[in-house]
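Hi,

Here is the model I promised to pass on. Have a look at it first, and my notes follow below.

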Amino acid sequence: MDRIRIRGGNPLKGEIRISGAKNAALPLMATALLTDAEVRLNGVPDLADITTMTNLLAQHGVEVTTRLSGKERSITVCGSNITDTTAPYDLVRKMRASVLVLGPLVARHGQARVSLPGGCAIGTRPVDLHIKGLQQLGAEIDLKEGYIVARAPKGLTGAEVNFPKVSVGATENLLMAATLAKGETNLINAAREPEITDLAKCLIGMGAKIEGLGTDHLRIQGVESLHGTIHPVVADRIEAGTYAMAVAITNGDVELVGAHHDLIASVIATMTQAGVQFTETPRGLRVKRTNGDLLGVDVMTEPFPGFPTDLQAQMMALMTTAQGASMITETIFENRFMHVPELTRMGASINVHGASAMVRGVKRLTGAPVMATDLRASVSLVLAGLVANGDTILNRVYHLDRGYEWLTHKLAACGAEIERLSEGAAE
Ligand code: EPZ
């Protein structure tokens, strides 16, 4: 299994191009199941999760074509010949976002059999809100032998779905399903993440009627059918936030090309308090420290527009060398502190009490062999490695391959001493 070796101490300097968002591209690819026509997505990142979604769609009979023009990768999906409405366990267990095929399949094909994803490293992550919402649109749903078996032979009917809890995936599934339901659907207490707005924009490009973009109330008028479109994938705000923190932790100065202030406003506000300066440039955002040391700040994760849970681990890494203390509270997932023991092994001072972690800044981190259990935890260890004394060897690199396109290249191009060690390579 590949590993990454980092020798800490180099400030990042230069520019980093932000990729298209993984978490936008995944639901966007699932729109193939809503139409006979081609949907072309520009700026899809080259990531393991995108490959998993490609394989899942191919299993349903969707034709997926990938093209590279210059640095931009586009994917065209065409669902004119759906041959199978089952999403098998072997694919769903690899990636929970596979459940996003449920709504589109049942809406357009009247049936779906999708494996229940099961728990994962960051929490139990049930899909009850997806199921209840689709039932409200008239789908009959049974749970059989580990599968969600959904049927709507006469199609779905619009309804009011009031989510008891904000869920990104459930909002996306219901939004896609409602575009083809008869009549009006109101999604209330919907998630407002930019990836949902991006999905709504693509669906509108396909002929869907959706109002309330960017708010917690989406109103959808169902249409008979959807057509094809060409859609650019929104920039990855989590990747942008991650690199902003990498720049800050190394005391560097980098322009994040393609990053948007509005997508990470809460992160910018928090990092500004911690002593990081963001300047808008014609191409994106320039990031550097204001002057001198980082300062400890308190952070609580929340649904958008709050501070994202997907940047909590990276923020914690940033706070390990800040002056003073920082209280980091995770409110979205119950088990998202798996990076704490590894950061501690690198010399960080962190105490966890329930959903909060108290980080006391230390002068220096030291390199160590580390491993993590999920994508964001893994990248937080890369950030720590960039500033640690000596070598950090990161194991289980496949987590990073799920969500960070060209990570080692992007960091090395800014002066980081980082390399990927292929299986069998000498340390
Ligand atoms: C999306 O996951 C993202 N994944 C996650 O990114 C992200 O952490 C999460 O949203 C929160 O922002 C994709 O977009 C592919 P949720 P999702 O449904 O949709 C509970 C990353 O690192 N819940 O908003 O699965 C759930 O357990 C990943 O890129 C229910 O109780 O998250 C959690 O506590 C990890 N019942 C909360 O809601 C449900 O039916 C929010 O989850 C659904 C969710």
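Helices (H or I, at least four residues) and strands (E, at least two) are DSSP runs, numbered from the N terminus. This is a predicted model, where local features need pLDDT of at least 70, side-chain atom pairs count only at pLDDT 80 or more, and totals for chains, interfaces and linings use all residues. Residues are numbered from 1 along each chain as its sequence is written, and side-chain values use heavy atoms, with hydrogens and water left out.

Let me start with the ligand. Helix H1 (22-30), helix H5 (128-136), H6 and helix H12 (375-387) each supply at least two residues of its shell, and H5 gives the most, with 3 residues. Of the 22 residues around the ligand (a heavy atom within 4 Å of it), Asp128, Ser167, Asp310, Ile332 and Arg376 come nearest.

Now the polar contacts (pairs of N or O atoms within 3.5 Å; within protein, one must be able to donate a hydrogen and the other to accept it, and residues adjacent in sequence count only if both atoms are side-chain atoms). A ligand nitrogen lies 2.7 Å from a polar side-chain atom of aspartate 128, while a ligand oxygen is 3.1 Å from a side-chain N or O atom of asparagine 23.

Serine 167 also appears at the start of H6, where one of its side-chain oxygens reaches to within 3.0 Å of the backbone nitrogen of alanine 170. Helix H6 (residues 168-178) is largely enclosed by the rest of the structure, because 10 of its 11 residues are buried (under 20% relative accessible area, 1.4 Å probe, protein chains only).

Best wishes

How values were computed:
Buried < 20%, exposed > 50% of the residue type's maximum accessible area, 1.4 Å probe, protein only.
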